[in-house]
Amino acid sequence: MEYQAVIMAAGRGSRMTDLTHDRPKCLLPICNRPMIWFSLKMLENAGFEDVLVIIHEQFKAEIADIPNKYGLKIKLDITCLQKNEDYGTADSLRLIKDKIKTDILVISCDLVCDIPLHKVFDLHRTHQSSVTALFSQTSPEVMLAPAPGPKTKIKQERDLVGLDLQTPRLVFLVSEADLTSENEEELSIRKSVMKHFPQISVQGNLLDAHLYVIKKWVCDYISENRSFTMLKGEVLPHIVRKQFTKSPKRNIDKDLPNADVSVISLNTAKRDIFSFLVGDEEEERIRSYSAWNDHRGDLRGPYQDHAIRCFAYVAKEGFCLRANTLNNYCELNRQVIKRWSTMFPDEEITPPVSKAQVGVDCLIGENTQLSDKCSIKHSIIGQNCNIGDKVRITNCIIMDNVTVMKETTLQGSILMKNSVVENSCDIKDCIVGHTVHSNCKSTNEVLVDADRLLEI
Amino acid sequence: MSKAVKSGTAKPGSEVVKQEDVIVAILIADSFSIRFAPVTDLKPKALLPLVNRPMIDYALESLLLSGVQKTFVYCVAHADQIRLYLRESKWMRSASPMSIEVISQSSDDCRSLGDSLRDIDGKSLIRGDFILMSADVISNVQLIPILEEHREKRKTDKGIVMTHIFKKSFLGHRSRSAEEELVLAINPTNGRILNYQQSKNLKKLSFPLEMFKEHGLVDLRYDLVDTHISICSPVVLPLFSDNFDYQTWGDFVRGILINEEILNNTIYCHQLEGSYAARVSNISMYDAVSKDIIQRWTFPLVPDLNRSEETPRHTLSRHNVYKQPGVTLGKESVLEVDVVVGENSEIGEQTYVTQSVIGKRCKIGNNVRISNAYIWDDVIIEDECCIEVALIADGVCLKKGVQLGHGCVLGPGVKLAPGTKIPANTRLMASPPKSENEFEISDEEEENLPAPVSADSIGYVYHRPIEEDSDVESLVDELWGLEIEDDTESEEDDEDEADNDEDEDHEEDLEVGDLPEDMNARSFYNEVLESLQRGYEEKIKGDNLVLEINSSKYAYNVTMKEVNMLVIKAMLSLPSVMTKKGGSGTNDDWAALRPILQHFLPVLRNYLKNNQSMLDSLEALEEYGVNNPKFAKITCKVLHYLYGEDVLHEEAILEWHANPPNDPSAMTTIRKIVEPFITWLEEAEEESSDESD
């Protein structure tokens, strides 16, 4: 077993609270399948036989049942968080540190991508990378796709990713927001970094897939260092920065005479990152014999003699999107249904048997009743729904057990589980979570239970 | 073509022949610097020989080879000499495919590139796109395709004012001029320059965030070298005229980028692929470019293809050894590698020459060692001289056994008496410096040079006038031949700096080795340190501080013992934290610490109530002293003070001293230092007990 896979599925979905107040993010449906199914499927396709999953306790049964329900062979090793515990990704990793035996692949449950994972692993393996991250090029249109609910200015959480042009080394990683708040709108780079990497490509339109391949020793470092809570926000920038710190020279001769003293001090003193670093002696030796170098122009060894190295795999093609915001969630539903046959050729979806007008790019769940005179375009409808006469549905996501009564028009909206829309409504770009009474006209609203609103 | 832009700027009453069709270049035959002084005191830089050929020839040749039809040569310093030279040269013949017009200006009116372009604008000579180049540039670049590219870009971007040419050369390459180090931000899709910085004296480079927001993709390049060749739209000249503060190219670029939104002007960059271009901007670059020419990187601008008729061609033999006709080489003399010897030069017996250029009619004696030297015309070097890394101008005479240190520059006409030794990096000239009255060099100059010139020599040390802004730059060519060492050194500094930065970013990496390893205690310590610092700065009452510390204690769940120890440690480290550097271990330390301790006496009294807590604090004191040798020196004073203020009781101190220290090394350091204090205490006790008896 070369790698272990970890799925972080205890996220609260804080950027889409309208959808996640009673269901965990990892169970929200994308094309009628729970979000986490896509991560599991991806891992299974990549050849993983088991996976560590971190979830909240109350959904354990439901998630444990997923492989069974959808015919996945992958085995889940579930670690639970208590109901109200909020763990960052690094905290979660610390929680399962005893289960980590090798280098790990960490993914977030909201990732849907069809980029072949072996390419990321290849990069990681080839360069003996400390941390390898997957980035994908996203078009700004996808990020700015319309979403239901109140119109808000979409805050783009962009990162500035500095990549070496020669090698896919990750030179720096900062979030735009951090720079804006701290640094008076400036990005500063030390000249010594530029000396090591004279050609840096700074990319602002890359999407961090939150997929990281992490070396075992980095995991140890994370679990030892309790100040880290987030992988993305804290650990990764930290490790990236540490690339340029000189490793302390280990003076063996000096240590030898009073060996017993040094052992004690090793245990008591704070261990810096380099004391965790586990080098592969064989590999070091091969490199010292080899003439290969990853750069030219100076006399430094391969990888600029850096012991800690971070690499980025930038996917030029292929689909990769995270359902971490409402926009992305909607967009993901639309994109995945379009690409279903290429992304999951072995998972057939049965076309709906109905006389209703069902356009392309639609998905109708099992046991859903469509009356003959309704028209459905670009929409996904869950299981056990009931769609009445002369209903027109365009660009909607309708979850399970939804009833839509006759002569209603739905456009660009999300209908949550068990919601009901009565006769002759006209609903556009809304999130519906309860019963909407007849003749209601709404645009860009969140129509959810009144008691929940009070709760807020 | 792009008439729209032209017609806007063209003056009325234009010529019959459209100038756009003629490819025009402006050659600035002055570098507006004194890098080559004193050699350039009498001769313009453009006429200095570079591998036995005046520099301006290379520039004109490269323009001619790229198909330029008309060149304006703009001269300032020694303009008459350049004019005279060009009149006699092949360039001014009617048969020359490129016509040349010489414009001269007195150096009082023209002190920079900006001034010269303003002057040219005033003369309204240029109507179309033109090539701007410096006369000390050597290149084999085909400029026409780049000019076409420039015009092509104008179709999409009306605001294009300049396409500047850069050459990629990695760090440590000899053709990187140390004083012209730059960092560019480029949009990789179209090559637009988004940010330009001269990074010579910078440790950190800052880029506006706006730039990254606007352009999703930005390349930051540190590996580009300015070739000082640019393709300019005609609007460049009026832009210089409108902005009197534009002196150099750098000013211009910065100005354009700052006013980008208002004027909508853009600058593009062209990266050379496989061609050569470099500027002889200082003596190190002179060295680098000469070697490039000898090693044929500049082909076809190489000595053996020199087209000028008045100088006979060099013949090329193995290992890049070039000889002009009439060279005589004595017995057992070696021209090892990369050597050029000019017409009618004589080299004596058993002389060794490598990687050097020797001019015309030189006489070099027996047993001479020459390496990495540039020797111009009519130089006489007598027997047993030793020259390494030097530039020797016309007519210099070195008598027997002269030794030159690394990086010496001898001005024209210098004569050195037998056996003279010149220290490294000295510049000599033949006439006494004008500003000085004495013949001898006064020691008031920054460098404490011994008078290098013996009685029979003609040679005076040249001191570069100290310009306010060029002190660092002058250092660069002062170090000709020693650059490599300098570079690595500075790199070390950089990295040390980097480490320091890192430490500042992360409090968990904070220096002091005596910090608790436990995370909670560490956070507690940091918090206490913060409270104390603020408490001291804002003069907060002791009671309130105690409250604050106690609340931190509960927040981090630390034991009372730890509190006692950490509070003491935090107080002791306060002076160094506040000044951000370690003390010097003298009375000053104590002077800094004393008011702090005084201020915190109430706090200390609160915590140090019983014997155990005092022992804890003494332990902390000891640990701190062991880890901070500087502090150790004042331990005694601290103890005495605390004893005097009744914070620490005699019994506690004696008990502490009676017990062996945790760390054996403390025995020799701290315990030794406090010894006098302890004996004093013991004596005092005995006395008091005596009295009581």
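Does B:His228 count as buried or exposed, and at what relative accessibility? In this predicted model, B:His228 counts as buried because its relative accessibility is 17%, under the 20% cut-off. The views below begin with this residue.

**View 1. B:His228 has a positive phi within a strand.** Welcome to chain B, where B:His228 belongs to strand E11, made up of residues 224-232. Its phi is near 65 degrees, a positive value in a residue other than glycine. Most residues other than glycine have a negative phi.

**View 2. B:Val51 has a positive phi in a loop.** Here we look at the loop of chain B that runs between E1 and H2, where B:Val51 is found. The phi of B:Val51 is near 50 degrees, again for a residue other than glycine. B:Val51 counts as buried because its relative accessibility is 3%.

**View 3. A cis peptide bond leads into B:Pro38.** The loop in this view lies between strand E1 (24-28) and helix H2 (55-65) of chain B, and B:Pro38 is found there. Look for the bond from B:Ala37 to B:Pro38, which is cis, with omega near 5 degrees. Most peptide bonds are trans.

**View 4. A cis peptide bond joins B:Phe299 to B:Pro300.** Omega for this bond is near 10 degrees. To find B:Pro300, follow chain B into the loop between helix H10 (283-294) and strand E14 (315-317).

**View 5. Glutamates from chains A and B gather in a patch of negative charge on the surface.** The members are A:Glu185, B:Glu210, B:Glu214 and B:Glu261. A:Glu185 is found in the loop of chain A between helix H8 (176-182) and strand E11 (186-190). With 31% relative accessibility, A:Glu185 counts as partly exposed.

**View 6. UniProt places the feature "domain: Nucleotidyl transferase" at residues 5-137 of chain A.** The annotation comes from an unreviewed entry. Helix makes up 32% of residues 5-137 and strand 29%. If you compare the two ends of this span, their C-alpha atoms lie 24 Å apart.

**View 7. Residues 355-437 of chain A carry the UniProt annotation "domain: EIF2B subunit epsilon/gamma LbH".** This annotation, too, is from an unreviewed entry. The span is 0% helix and 41% strand. Its end C-alpha atoms lie 27 Å apart.

Definitions and conventions. Residues numbered from 1 in each chain as written. Chains lettered and ligands numbered in written order. Predicted model: local features only at pLDDT ≥ 70, side-chain atom pairs only at ≥ 80, totals over all residues. Heavy atoms only, no water. Helix = DSSP H or I, 4+ residues; strand = E, 2+ residues; numbered from the N terminus. Buried < 20%, exposed > 50% of the residue type's maximum accessible area, 1.4 Å probe, protein only. UniProt positions renumbered as here; feature names shortened; annotations may be inferred. Patch = residues over 30% accessible without salt bridge, like charges linked within 9 Å, V, L, I, M, F, W, Y side chains within 5 Å. Areas by Shrake-Rupley, 256 points an atom, 1.4 Å probe, with all protein chains shown as cover. Salt bridge = Lys/Arg side-chain N within 4 Å of Asp/Glu carboxyl O. Lys, Arg positive; Asp, Glu negative; His and termini not counted. Charge placed at Lys NZ, Arg CZ, Asp CG, Glu CD.
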